[in-house]
Amino acid sequence: MGQSTASQRNKAVSLKSLVNSVPFSVALYLAVISSIIWSAYAGAQAMGYNWQWYRIPKYFYSLTDDGFQWGEISIGLVKTLQLSGTAFVFATILGLVIALLRLSGLIIGKATAIGFLEFVRNMPILVLLYLFYYVLGPVFGLDRYTASILCLAVFHAALISEIFRAGIESVARGQWEAASSIGMSTGQAYRYIVLPQSIKFMLPPLTGEVVHLVKSSAIVSVIAVAELTTIGRNIISDTYMSFEIWFTIAAVYMVITLILSVGVSVLEKKYAVQN
Amino acid sequence: MSARDEMITVSNVDKFYGNFQALSEVSLSVSQGERVVICGPSGSGKSTLIRCMNGLEFHSSGSIIVDGISVEEGSKQLKTLRQEVGMVFQQFNLFPHLTILENLTIGPIQVRKIAKAEAERLARQYLERVHIPEQADKYPAQLSGGQQQRVAIARSLCMETRIMLFDEPTSALDPEMINEVLDVMVELADTGITMVCVTHEMGFARKVADTMVFMEAGRIVEVAEPEKFFTNPESERCKLFLGQILEH
């Protein structure tokens, strides 16, 4: 009995180590990927789809007699980065303000923060965008680009404020006491003691939020801001290459978000070493 | 002793946490340079009392006056008060993201607005005094508990405080590290700084205390000179307590 369970365990272990061995894993991975690609191709083939990948590169850049020129997708990519970058800066500032209000101990501050949070968090981002563009836009004279930035900033500020709040609350209470026992004001304690320590708690969820923001920036294509997704749609309506273009656009989004994730994990390591 | 200036005057202080009364009619005065040791069973309000002395918590009624400043919630003088009064915590509470030197200089630089070079000179001087000058560039996590607590003492001293409060400074330490911290505290007592110390280290108390205070259930039960306190305490409860902690 004892022997048979031991040999079963040995079998299980050897099966696991076989599956985990490098050649096997690589082969399995390639098999999965190629079957996905094959099924996409097979589906397209069945529809009689005419693949035209050779037409894609010129949407990134072109070399003509006039010299080097950026293509539409590259221009859209820059716009997406600008949009997400600006929105993220505003979202971070607003998120920090909301988190501090929430933690301020003032009833009015807390009520404002919770009201904002619940209002924004319980609304689809599409509705929020329409609110900014069709309601606040005419009232305050916002163009579509500004309305988009504000919508993304407000939506993500709500989520970021919760990340900040959790990060700040994970710093031990003794740190506050030590800071005030050497005469620091609340502001000084935040700036020199609490916020620097909470960064390591905030970085991982904040990365997720940046990635989320870049992806949700695609929503502004519904009000025709000329970013990546809108550009993709425009190219398709001109060329009918929906498969190639959507695969390409998806790949571009993935490259941006992967770069962001890798960058932040380097930062995380740096902070981990410091503590 | 009564001829000297009063540094801390606690009169008729009550403190409630909801319905629970942590301090009842506590009155105590500490003169300049006096070294007071407060002891008593856990939950007797010792920590609460000294935390009220620098406004980490606030009393519900009565008054606490420290170096001429009334300790009250929202008082503008609280910041001034805390610069005068240093506090050493049971759990050290060093700033883990700063080096030892930065732990010591951040208060002087940001609160007392001293130049960085001067603050560092001061910090190194106090590190010398707690016998760990060689640890200046390390981070708190790299130090032993005893070393961390000595850094915490130096951090308070760097604020050039006139009063030091100790909240069970050796209770979280491994036994072999207790003495290195107590030695530093004894040396500190010799400098003439006013000290209020919550501790169960009766050897230390015997050596440095001018006044012993025994608390139980939020009340001060006995105040006496160490000689009398240890040999012939008045209250039965105090006798029992001393019997229990001195026996072994």
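Which hand does the crossing of H3(B) and H4(B) have? The crossing of these two helices is right-handed. The legends below describe a predicted model.

**View 1. Helices H3 and H4 of chain B cross each other.**
Helix H3 of chain B covers residues 100-110, and helix H4 of chain B covers residues 116-129. Their axes come within 9 Å and cross at roughly 130°. An angle between 115 and 145 degrees counts as oblique, and H3(B) and H4(B) are therefore oblique to each other. On the H3(B) side, the residues that meet H4(B) are Leu101(B), Leu104(B), Thr105(B), Pro108(B) and Ile109(B). On the H4(B) side, they are Lys116(B), Ala119(B), Glu120(B), Leu122(B), Ala123(B), Tyr126(B) and Leu127(B). Sorted by class, this contact has nine nonpolar, one polar and two charged residues.

**View 2. Gly218(B) sits in a loop between two strands of chain B.**
The strand before the loop is E9, residues 211-216, and the strand after the loop is E10, residues 219-224. Is Gly218(B) buried or exposed? A residue is buried if 20 or more other C-beta atoms lie within 10 Å of its own. Gly218(B) has 23 C-beta neighbours inside 10 Å, so Gly218(B) counts as buried. Beyond its neighbours within four places in sequence, Gly218(B) is in contact with Gln21(B), Ala22(B), Leu23(B) and Ser24(B), and also with Ser44(B) and Gly45(B). Another residue to find in this view is Gly40(B), which is 178 residues from Gly218(B) along the chain. The C-alpha atoms of Gly40(B) and Gly218(B) are separated by 9.9 Å.

**View 3. Chain A touches chain B.**
In this contact, 17 residues of chain A meet 18 residues of chain B. Two elements of chain A give two or more residues each to the side that touches chain B: helix H7 (173-181) and helix H8 (186-216). Which element gives the largest share of that side? The largest share comes from H7(A), with six residues. By class, the side of chain A that touches chain B has six nonpolar, 10 polar and one charged residues.

**View 4. Helices H3 and H8 of chain A cross each other.**
Helix H3 of chain A covers residues 72-103. The axes of H3(A) and H8(A) come within 9 Å and cross at roughly 135°. The two helices are therefore oblique to each other, and their crossing is right-handed. Ser84(A), Ala87(A) and Phe88(A) in H3(A) meet Val210(A), Leu213(A) and Val214(A) in H8(A). The residues of this contact divide into five nonpolar, one polar and no charged.

**View 5. Chain A is built from 10 helices and two strands.**
Read along the sequence, the pattern begins with α-α-β-β. The rest of the pattern is α-α-α-α-α-α-α-α. The C-alpha atoms of chain A fill a box of roughly 80 × 70 × 40 Å along the principal axes. The radius of gyration of chain A is 25 Å, whereas a compact globule of 275 residues would have one near 19 Å. Buried residues make up 27% of the 275 residues in chain A. Among contacts in chain A between residues at least 6 apart in sequence, 68% join residues at least 24 apart.

Terms used. Residues numbered from 1 in each chain as written. Chains lettered and ligands numbered in written order. Predicted model: local features only at pLDDT ≥ 70, side-chain atom pairs only at ≥ 80, totals over all residues. Axes fitted to C-alpha atoms, helices over the stretch in contact; angles between N-to-C directions. Helix = DSSP H or I, 4+ residues; strand = E, 2+ residues; numbered from the N terminus. Parallel < 35°, antiparallel > 145°, perpendicular 65-115°, else oblique. Left-handed = near helix turned anticlockwise from the far one by under 90°. Contact = placed C-beta atoms within 7 Å. Nonpolar A, V, L, I, M, F, W, Y, C, P; charged D, E, K, R; others polar. Rg over C-alpha atoms; globule rule 2.2 N^0.38 Å. Buried ≥ 20, exposed ≤ 12 C-beta atoms within 10 Å, placed from the backbone.
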